[in-house]
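Please walk through this structure with the text below. The sequence and the model come next, and the explanation follows them.

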Amino acid sequence: MNGLKIKRDKYKIYNTEEIQLIKESSLIVGKTLAEVAKRIAPGVPLIMLDRIAEEYIRAYNAEPSFKGYRGFPSTLCVSVNEVVVHGIPGNQILQDGDIVSVDCGVYKNGFHGDFAYTFPVGNVSEEKQLLMERTKKSLYLGIEQAKVGNTTGDIGNAIQRYVESFGYGVVRDLCGHGCGRNLHEFPEVENTGKPKQGVLLKQGMVICIEPMINRGTYKVKTEPDGWTVRTLDRKPSAHFEHQVALTETGTEILSSYEEIEVNMR
């Protein structure tokens, strides 16, 4: 779940044992999204995906991080086509050609895991397929810059330069964030920026990097429900997120897409 504006705070620095507990939560997110991936197809109601996810998370003796967070009513954020993030899963039915971002959080042993994946539904257009592929690539370009001694600006700059080369819009109103004992922690991790500007990255930090990339304008609008964020021009948006730790041996991606991609229809 994207940062909604994080209070400027001290760095949260985690030791090796704590990072392993965060990773345990994050890997449960991956297993949950893999279960969801099996069901994503035309004709499936969004609420069914949410119920599957909650049951699966609780079977691991864990809790959904998002449910009840600031009043959010669901386990998953399920965002279809022009919905950028924070879609509330209801009775909407997935249609052939949709793309759908599914964002999930898990809380276990005092720590949160949080990441997201955008799925194709049936046969998607080349335009949407490229948007997903390029958004995912931008995530990994951002992760390459997530290392001790760099800054959040280095991460955002790598993402921004790549996706804007295709004429895409990079959402400014939402961002990545620290994530560990709390779902949203300092620092904010913007998807735009300038090299060597922003917050200095230090060993022991755990952050979520999550480009939200629009086919058209970067501008977005929040719906009256207070959660659903749509592109202003109603063009599609894609969203990919990983949770990473800056350790003494380098940068480790705590989350995993492996099981998700094995289970995709």
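**Helices, cysteines and backbone details**

T32 has a relative accessibility of 0% and therefore counts as buried, where buried means under 20% relative accessible area, exposed over 50% and partly exposed in between, with a 1.4 Å probe and protein chains only. This is a predicted model, in which local features need pLDDT of at least 70 and side-chain atom pairs count only at pLDDT 80 or more, while totals for chains, interfaces and linings use all residues. Residues are numbered from 1 along each chain as its sequence is written, and side-chain values use heavy atoms, with hydrogens and water left out.

T32 is located in helix α1. Helices (H or I, at least four residues) and strands (E, at least two) are DSSP runs, numbered from the N terminus. Leaving aside residues up to four places away in sequence, T32 touches A53, Y56, I57 and C104; contact means heavy atoms within 4.5 Å.

A53, Y56 and I57 also appear where α1 meets α2. Helix α2 covers residues 46-59, which makes 14 residues. From its first C-alpha to its last, α2 reaches 21 Å, close to the 20 Å expected at 1.5 Å a residue; the expected span is 1.5 Å times one less than the number of residues in the helix. Buried in α2 are L46, L49, D50, I52, A53, E54 and I57. The buried residues of this helix pack against α1 (16-39) and against three strands, β1 (63-64), β2 (76-80) and β4 (99-108).

Two packed helices are described by the angle between their axes and the distance between the axes. For α1 and α2, the angle is about 145 degrees and the axes are 9 Å apart. Axes here are lines fitted to C-alpha atoms, for helices over the stretch in contact, and angles run from 0 to 180 degrees between N-to-C directions. The crossing of α1 past α2 is right-handed; a crossing is left-handed if the near helix is turned anticlockwise from the far one by less than a right angle, and right-handed if clockwise.

Which residues of α1 and α2 meet? On the α1 side they are K31, T32, E35, V36 and R39, and on the α2 side M48, L49, I52, A53, Y56 and I57. The residues of this contact divide into seven nonpolar, one polar and three charged. In this count Ala, Val, Leu, Ile, Met, Phe, Trp, Tyr, Cys and Pro are nonpolar, Asp, Glu, Lys and Arg are charged, and the others, Gly among them, are polar.

Another residue of helix α1 is I19. I19 is buried, with a relative accessible area of 6%. Apart from residues up to four places away in sequence, I19 touches Y14, V206, A245, T247 and L254. The C-alpha atoms of I19 and P211 are separated by 23 Å, and these two residues are 192 residues apart along the chain.

C104, one of the residues that T32 touches, leads to the cysteines. How many disulfides does the structure hold? The structure holds zero disulfides, a disulfide being a pair of cysteine sulfur atoms within 2.5 Å. The cysteine sulfur closest to that of C77 is in C104, 9.2 Å away, which is too far for a bond. C104 is likewise in no disulfide, with the sulfur of C77 as its nearest cysteine sulfur. C77 counts as buried at 1% relative accessibility, and C104 is buried with a relative accessible area of 0%.

Two asparagines have positive phi values. N61 follows α2 and lies in the loop between α2 and β1. Its phi is about 55 degrees, although N61 is not a glycine. N81 also has a phi near 55 degrees, a positive value in a residue other than glycine, and its place is in the loop between β2 and β3 (83-85). Is each of them buried or exposed? N61 is exposed, with a relative accessible area of 70%, whereas N81 counts as buried at 15% relative accessibility.

Further along the chain, helix α3 (residues 126-144) has 19 residues. Its reach from first C-alpha to last is 27 Å, close to the 27 Å expected. Its buried residues include L131, M132, L139, L141 and I143.

Strand β8 (residues 185-189) contains P187, and the peptide bond from F186 to P187 is cis, with omega near 10 degrees. E188 is also in β8 and counts as buried at 19% relative accessibility. The C-alpha atoms of E188 and N157, 31 residues apart along the chain, are separated by 14 Å.
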